[in-house]
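Biologist: Hi! Could you pull up the model so we can walk through the fold together?
Modeller: Happy to, here it comes.

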Amino acid sequence: MKKWEFWTGASSEANPRQSPVVGADGTVRVATGGGQIMALDGSSGIVKWVYPTGGTIWSPLILGADGSTYVGVDVGNRRQLVAIDGSGGRRWVSLLEEGF
């Protein structure tokens, strides 16, 4: 039995590019082709927050024990590792060395 579904947008740029991940609190996080990380309530499917990365997501989403989300993003010609807190705010961004 389907609980809910979520439409990320009409264009292929908005469609998810990888499998969603689920946190210990039931929050579902998904990366879109449009460079956003979206957090959805696992019970209702309602959007909790959206984080615009400003680039192209190149890595799978990783969840930390504290509820943070970690993701690799290409912004221009620079690769970054981004940490997003459990509320959808940026914790930090680290530039990765070329050739990574």
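**Strands, pairs and a patch**

Modeller: Let me start with β7 and strand β8 (residues 78-84): seven bridges join them, and they run antiparallel. Two strands count as paired if DSSP finds at least two bridges between them. This is a predicted model, where local features need pLDDT of at least 70, side-chain atom pairs count only at pLDDT 80 or more, and totals for chains, interfaces and linings use all residues. Residues are numbered from 1 along each chain as its sequence is written, and side-chain values use heavy atoms, with hydrogens and water left out.

Biologist: Thanks! Which residue in β8 does Val71 stand opposite?
Modeller: Val71 faces Val82 there.

Biologist: And how many residues sit between β7 and β8 in their hairpin?
Modeller: Two residues lie between them, and Gly76 in the turn has a positive phi of about 65 degrees.

Biologist: What else pairs with β7?
Modeller: Strand β6 (residues 62-63) pairs with β7 in the antiparallel sense over two bridges, with Leu63 partnered by Thr69. β6 and β7 form a hairpin with five residues between them, and its turn holds Gly67, with a positive phi of about 90 degrees. Strand β5 (residues 56-57) is also joined to β7 by two bridges and runs antiparallel to it; there, Ile57 has Val73 as its bridge partner.

Biologist: Stepping back, how many helices and strands does the protein have?
Modeller: Zero helices and nine strands. Helices (H or I, at least four residues) and strands (E, at least two) are DSSP runs, numbered from the N terminus.

Biologist: What about the earlier strands, which order do β1, β2, β3 and β4 take in their sheet?
Modeller: They form an open sheet of four strands in the order β1-β2-β3-β4, with antiparallel pairing. Its edge strands are β1 (21-22) and β4, each pairing on one side only. Inside that sheet, strand β2 (residues 28-31) and strand β3 (residues 36-40) are paired over four bridges, and Arg29 has Ala39 as its bridge partner in β3.

Biologist: New topic: how many aromatic pairs are there?
Modeller: The count comes to one aromatic pair. The rings of Tyr70 and Trp92 have their centres 6.0 Å apart and their planes at 45 degrees, so the pair is tilted. The rule takes rings of Phe, Tyr and Trp (its six-membered ring) with centres within 6.5 Å; planes under 30 degrees apart are stacked, over 60 edge-to-face, and the rest tilted.

Biologist: Where do Tyr70 and Trp92 lie?
Modeller: Tyr70 is in strand β7 (residues 69-75) and Trp92 in strand β9 (residues 90-95), so the pair ties together parts that are 22 residues apart in sequence.

Biologist: Are those two buried or exposed?
Modeller: In between! Tyr70 is partly exposed at 21% relative accessibility, and Trp92 is partly exposed at 33%. Buried means under 20% relative accessible area, exposed over 50%, and partly exposed in between (1.4 Å probe, protein chains only).

Biologist: What percentage of the protein's residues count as buried?
Modeller: Of its 100 residues, 36% do.

Biologist: Which residue has its charged end over the ring of Trp58?
Modeller: Arg79, with its charged end 4.2 Å from the ring centre. The test needs NZ of Lys or CZ of Arg within 6 Å of the ring centre and within 35 degrees of the ring normal.
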